[in-house]
Amino acid sequence: MRKTLVALLLLCAFPALAQPQHGLAMHGDLKYPAGFSHFDYVNPKAPKGGELRLADMGPFDSLNPFIPKGQSPDGVSLPFETLMESAADEPFSEYGLIAETVETPPDRSWVIFSLRPQARWHDGKPITADDVIFSLNILRTKGAPHYRFYYAGVERAEKLGERRVKFTFKPGDNRELPLILGQLPVLPKHYWQDKAFDETTLVPPLGSGPYRVGKFEAGRYIQYERVKDYWGKDLPTQKGRYNFDTIRYDVYRDSTVALEALKAGEYDLRIENESKKWATAYADWPALKTGKASLHEFRDGMPSGMQSFAFNLRRPLFADIRVRQALALAFDFEWANRNLFYGQYARTNSYFDHSELAAKGLPGQAELKLLDPLRAQVPPQVFSQEFVSPVTDPDLGIRPNLRRAMSLLEQAGWDVVGGKLVDKRGQPFRFEILLNSPAFERISLPFAHNLARLGIDASVRTVDPTQYVNRVRGFDFDMIVASWGQSLSPGNEQSLYWTSEAADQSGSRNFGGIKNPAVDRLVEQLIAAPDRASLVAASRALDRVLLWNWYVIPQWHSPTTRVALWDKFGQPDQVPLQGWQLFALWAKSAETK
């Protein structure tokens, strides 16, 4: 009896006991059991060899992707690895990569990672707990702003052994933090200790991943070479992936030029994001007719995210919600889809469209539990109407919407004088739509034309990628085309997207400068969601509040990933939940070796 009592007391005293696991799921159970051999969406027998040639649509001047300075090339993450690897056929699950096991208690107040003894840097030195702790500290102090947000919940990091590290979290309820730490890029302490981490560099930093930087010329091309003795090549998370001996990216500064280069065989594969090109520009590609190339559309189960015209709320011009709604009424998606997009797109009506996370109908009980305490801080439509982006009348066109827009502008204190919209001081309504690609001019110019009918002077300006990045990082714009990708398990990244704390952080993704206590509270509740049902409710509630505040003008999304490629590759039969996997391909030329 006494032994039983002692055992019970021990359990009460140490409720946070945890067992080492091979993986961790955000909610529910892992799909893959301990000892699994490979992910289902790869070919574990894919041959190694050959070359993959791709296009990079912008110059680069740095090989350090972890800092806010400079522009890095596509593929720059290939030499680097994280503690764990996400599975593309689950909403949010991770399995051991550098970490062999992960331990966390039921309340997820801490996490312990035990590193694989075989994990090695490209110089042959072992990856240690010191490297992991160094990585957290350097990214939080000198890395890009989002790292400070991601890891803000970490109270301390402790070395428990040469290959064992523990992260203890600050008080709160953020069940995602163990997985967020699983995504920590692990960097070599011995390499960086005598180098300036926060400066751009064209010296390839030391990594541990399946590729290392090979030949390159800044602004023109970069090659990544497969590490033949890569330490992790037989891990279940890596098997069947990263099959090419060489991956090369050539830099193109114009999308049309890049497409012609594909058709001429200068590179091998293109993910097409322009509907007009997809509908018309491949028709004269001889390789399609001879079977030497093909076009594919791959579906997935991911939220479409939000692509939009985004207001910079730091500009007083856009402070009034009625003004933002009025401008949204002047965007004619139906005309654009019919005349510019060949009917290929669907209108976006949610920040989480194409998923169960999107708000539909009126709020349910679980959402109302979150929204009712915020009733005085959110637009009343949150409770009474389903949000639907403005629709153009098929018979009357944009005119009814423009009449509604003018009524809202007048309510906000604007009036038309001499054909120009002016405020009470006679100041004109004038702003700039800043773009980084001529491809968006054909959408922005008709929008600006509709705004001109309201007396608004909206200019469209396209700048080079470097200038664009610098201006957006410094929030030096009136309106941009902005997009926010979403996962099936939104979490910590939402604080970087929408919260007041992120609004003034240079380089954050709160492009619009949103400062709304109701949004801040809903982001907190989303991050703290204890189960899938709670996460869905919190996502929908946040979605409604963001939409009805008209922080953006929603644009459109495609239900597929469009890929044009030369017939040089083998690919798995299965496309996973999170979409088509580029690095699961292999070279047909390697099959005969």
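**Close-up views of a predicted model**

**View 1. Helix 19 and its two ends.** Of the 17 residues of helix 19, 13 are buried, so the helix is largely enclosed by the rest of the structure; buried denotes under 20% relative accessible area, against over 50% for exposed and partly exposed in between, with a 1.4 Å probe and protein chains only. The model is predicted, so local features are reported only at pLDDT of at least 70 and side-chain atom pairs only at pLDDT 80 or more, whereas totals for chains, interfaces and linings use all residues. Residues are numbered from 1 along each chain as its sequence is written, and side-chain values use heavy atoms, with hydrogens and water left out. Helices (H or I, at least four residues) and strands (E, at least two) are DSSP runs numbered from the N terminus. Helix 19 covers residues 532-548, and its end C-alpha atoms are 25 Å apart, in agreement with the 24 Å that its 17 residues should span at 1.5 Å a residue; the expected span is 1.5 Å times one less than the number of residues. At the N-terminal end, Asp531 acts as the cap, with a side-chain oxygen 3.4 Å from the backbone nitrogen of Ala533. Just after helix 19, Trp550 adopts a positive phi of about 55 degrees.

**View 2. The open sheet of strands 1, 5 and 4.** Three strands form this open sheet in the order 1-5-4, with antiparallel pairing; two strands pair if DSSP finds at least two bridges between them. Strand 1 (23-25) and strand 4 (84-86) are the edges, each with a single partner strand, so one side of each is left without a neighbour in the sheet. Neighbouring strands are turned by 25 degrees against each other on average, direction ignored; axes are lines fitted to C-alpha atoms, for helices over the stretch in contact, and angles run from 0 to 180 degrees between N-to-C directions. Three bridges join strand 1 to strand 5 (residues 93-96) in the antiparallel sense. Leu24 stands opposite Glu94 in strand 5.

**View 3. The hairpin of strands 6 and 7.** Strand 6 (residues 99-103) pairs with strand 7 (residues 110-115) in the antiparallel sense over four bridges. Ala99 has Leu115 in strand 7 as its bridge partner. Six residues lie between the two strands of this hairpin, and Arg108 in the turn has a positive phi of about 55 degrees.

**View 4. The mixed open sheet.** Five strands, in the order 21-20-22-16-23, make up an open sheet with mixed pairing. Strand 21 (457-462) and strand 23 (552-554) are its edge strands, each pairing on one side only. From one strand to the next, the twist averages 35 degrees. Strand 20 (residues 430-435) and strand 21 are joined in the parallel sense over six bridges, and the bridge partner of Ile433 in strand 21 is Val460.

**View 5. The second largest pocket.** This pocket holds about 620 Å³ of space. On a 1 Å grid over the protein atoms alone, a pocket is an open set of points with protein on both sides within 12 Å along at least five of seven lines, a cavity is a set where a 1.4 Å probe fits but cannot get out, and lining residues have an atom within 4 Å of a point. Grid points are joined across faces, edges and corners, and a volume is the space filled by probe spheres set on the points. Its lining comprises 27 residues, of which Ala152, Gly153, Asn174, Asn492 and Ile527 lie nearest the centre. Helix 18 supplies the largest share of the lining, four residues.

Key:
A polar contact is a pair of N or O atoms within 3.5 Å; within protein, one must be able to donate a hydrogen and the other to accept it, and residues adjacent in sequence count only if both atoms are side-chain atoms.
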